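Biologist: I'm new to this one, so could you take me through a single part of it up close? A strand and its partners would suit me well.

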Amino acid sequence: MKTLLLGAAFVAALFHLKLDRSLPAKDTTVAAPTELSLWYSQTPNLPVTRVTLTGPNGPVAVGKPTLASAPKSPVIVPITGPMPAGAYTVNWITASSDGHPIKGSYGFTVK
């Protein structure tokens, strides 16, 4: 029974949305970007998608996330605040098509 439950949990995890890649990418050093691009394994539920950006001086202002209509398009988040050199953390939360909330974070550095 234990193996069956573990197998079911593994299969369920395969179908949940996850962050596949981003720009700026995780653990990279870049020039100050003007937007964040987040590619997910499934089309995210945009009305519940939230993205925050925190830098060396605290929160950085960002615009509303948008999603192009083309398949496999990234969620685009404009950066509207200043981006001085230093370490940044992107925190995101969204939901997959089944409504299950998914969240995560990653960091990058501005040179």
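**A close look at strand 8**

Modeller: Let's begin with the outside: the accessible surface of the protein chain comes to about 6800 Å², and 63% of that belongs to carbon and sulfur atoms (areas by the Shrake-Rupley method with a 1.4 Å probe; for residues, only the protein chains shown count as cover). Keep in mind that this is a predicted model, where local features need pLDDT of at least 70, side-chain atom pairs count only at pLDDT 80 or more, and totals for chains, interfaces and linings use all residues. Residues are numbered from 1 along each chain as its sequence is written, and side-chain values use heavy atoms, leaving out hydrogens and water.

The protein chain has one helix and nine strands, with the helix at the front of the order α-β-β-β-β-β-β-β-β-β from the N terminus. Here helices (H or I, at least four residues) and strands (E, at least two) are DSSP runs, numbered from the N terminus.

Now for our part. Strand 8 (residues 86-95) runs antiparallel to strand 4 (residues 50-55), joined by five bridges; strands pair if DSSP finds at least two bridges between them. On another side of the story, ten bridges join strand 8 to strand 9 (residues 101-110), again antiparallel.

Trp92 is a handy landmark in strand 8: Val51 stands opposite Trp92, and Trp92 also stands opposite Gly104 in strand 9.

Finally, follow the chain around the hairpin of strand 8 and strand 9: five residues lie between the strands, and Gly99 takes a positive phi near 85 degrees.
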